[in-house]
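Reader: I should like to learn how to read features of a protein model from its atoms. May we proceed one feature at a time?

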Amino acid sequence: MSTLSVFPATHAAPDGASARAVVREVGLRDGLQSIATLVSTAHKIEWINAAYAAGQREIEVGSFVPARLLPQLADTAEVLAHAKTLPGLLASVLVPNYKGAERALECGAGLMVVPLSASHAHSLANLRKTPDAVVAEVARIRALRDASGSRCLIEGGVGTAFGCTLQGEVPESEVLRLMQALLDAGADRVSLADTVGYADPAWVARLFEKARALVGDRLWCAHFHDTRGMGLANAYAAWQVGITRFDACLAGIGGCPHAPGASGNVTTEDLVFMLERMGVATGIDVTALLALRQRVAGWLEGETLHGTLWQAGLPQNAARTVLREAATA
Ligand code: ZN
């Protein structure tokens, strides 16, 4: 794996710490689950191999939901089995319930994300449970994990943290309460998601700062959708308050089946470019990601893809800045 040495460090991390961030690829789950095209198992494996070769070390490879609900992800066990053969790759899966967690443990996932929707209306529509029923399920999943002797991490993913299309407003106090409740129930980590793209940078900074004050480093990841063009700005705002792990989808694919009109996650290649350009090391080669995007686009003909870096390409001054710095060193 090679880092993008053409991008010089221009900014220190907000707290002066070494500037590093993790971009977790969720295109194979969040992306593919919301589009009609079925991507073959062979292509998913090709995607994972290329993302790994580009330097990605955290990939959400699928979801353990019934195949009749999401035929796009019916091969998750097979895809996970392959991902586990790549040294140092943290392969995660989404599990909507206890049954899904059983499968994740059987199949040896490195991490399982249990989604919780802070919006009661969205929770009932999407998971057919109240948020507190999901918290209770996480307690059972934790007991199962511990009894199995597995080291699989449990991440509670708090979705609709900035509101939702069904309920509108979701109070911050409720988001923070549920985040703490997930940890109390046994989740190892929690993350916050703007499922439908309602957040703005100031709101992101405020909520993530409060969340970090409450649970510290157990706040693991920021998950933004680019529905209203705020994705990268929101990621930057989260970075400014100390968040160093972000979910993203190659080519910005996806959306949410229960959030009409929602576009996909922040685009992986654009986010990696932004971070590297700021001097934040991601360990990911953005040129390799652009090549992978082209391959994946070929499998998704007719689907709407997103992102902007691929259209313009890398800036010409990237290498020049390094030369200038070398001359003055
Ligand atoms: Zn999402």
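Author: The turns below take up aromatic rings, charges over rings, one helix, cysteines, and a few individual residues. Please keep in mind that this is a predicted model.

Reader: Let us begin with the aromatic rings. How is a pair of rings described, and how many aromatic pairs does the structure hold?

Author: A pair of aromatic rings is described by the distance of the centres and the angle of the planes. The structure holds three aromatic pairs. In one of them, the ring centres of Phe162 and Trp203 are 5.1 Å apart and the planes stand at 80°, so this pair is edge-to-face.

Reader: Where do Phe162 and Trp203 lie, and are they buried or exposed?

Author: Phe162 belongs to the loop between β5 (153-159) and α7 (172-185), while Trp203 belongs to helix α8 (residues 201-215); the pair therefore ties together parts that are 41 residues apart in sequence. Both Phe162 and Trp203 are buried.

Reader: What is the geometry of the pair formed by Phe208 and Phe224?

Author: Phe208 and Phe224 form a tilted pair, with 5.8 Å from centre to centre and 55° between the planes. Because Phe208 lies in helix α8 and Phe224 in strand β7 (residues 219-224), this pair ties together parts that are 16 residues apart in sequence. Phe208 is buried, its relative accessible area being 0%. Phe224 also counts as buried, at 1% relative accessibility.

Reader: Which residues do the ring pairs link into a cluster?

Author: The cluster linked by ring pairs consists of Phe162, Trp203, Phe208 and Phe224.

Reader: Rings may also have a charged group over them. Which residues show this here?

Author: One case is Arg140, whose charged end sits over the ring of Tyr98 at 4.2 Å from the ring centre. Another is Arg189, which lies over the face of Trp220, 3.2 Å from the centre of the ring.

Reader: I should now like to read a helix. Why do residues three or four places apart in an α-helix point the same way?

Author: An α-helix has 3.6 residues a turn, so residues at that spacing point the same way. Helix α4 (residues 98-106) serves as the case here, and its buried residues are Gly100, Ala101, Ala104 and Leu105. Viewed down the axis of α4, these buried residues fall within an arc of 140°, so they line one face of the helix.

Reader: Which exposed residues are on the face of α4 turned away from its buried side, and what covers the buried residues?

Author: The face turned away from the buried side of α4 carries the exposed residues Lys99 and Glu106. The cover over the buried residues of α4 includes β3 (90-94), β4 (111-117) and α6 (131-148).

Reader: What is found at the N-terminal end of α4, and what comes just after the helix?

Author: The N-terminal end of α4 is capped by Asn97, which has a side-chain oxygen 3.3 Å from the backbone nitrogen of Lys99. Just after α4 comes Gly108, with a positive phi of about 75°.

Reader: How many disulfides are counted, and are Cys107 and Cys152 buried or exposed?

Author: A disulfide requires two cysteine sulfur atoms within 2.5 Å, and by this rule the count is zero. Cys107 is buried, with a relative accessible area of 17%. Cys152 counts as buried at 2% relative accessibility.

Reader: Which residues does Glu137 touch?

Author: Glu137 has its place in helix α6 and is buried, with a relative accessible area of 13%. Leaving aside residues up to four places away in sequence, Glu137 touches Asn97, Tyr98 and Lys129.

Reader: Which residues other than glycine have a positive phi?

Author: Arg128 is one of them, with a positive phi of about 55°. Arg128 is found in the loop between α5 (120-127) and α6 and is exposed, with a relative accessible area of 65%. Ala251 has a positive phi as well, near 60°. Ala251 is placed in the loop between β8 (245-248) and α10 (268-277), and at 2% relative accessibility Ala251 counts as buried.

Reader: With which side chain does the side chain of His225 make a polar contact?

Author: The partner is the side chain of Asp30, at 3.3 Å. His225 is found in the loop between β7 and α9 (231-240) and counts as buried at 2% relative accessibility.

Technical notes: Residues numbered from 1 in each chain as written. Predicted model: local features only at pLDDT ≥ 70, side-chain atom pairs only at ≥ 80, totals over all residues. Heavy atoms only, no water. Phe/Tyr/Trp six-rings, centres within 6.5 Å; stacked < 30°, edge-to-face > 60°. Helix = DSSP H or I, 4+ residues; strand = E, 2+ residues; numbered from the N terminus. Buried < 20%, exposed > 50% of the residue type's maximum accessible area, 1.4 Å probe, protein only. Lys NZ or Arg CZ within 6 Å of the ring centre and 35° of its normal. Arc of directions from axis to C-beta. Contact = heavy atoms within 4.5 Å. Polar contact = N/O pair within 3.5 Å; in protein donor to acceptor, adjacent residues only side chain to side chain.
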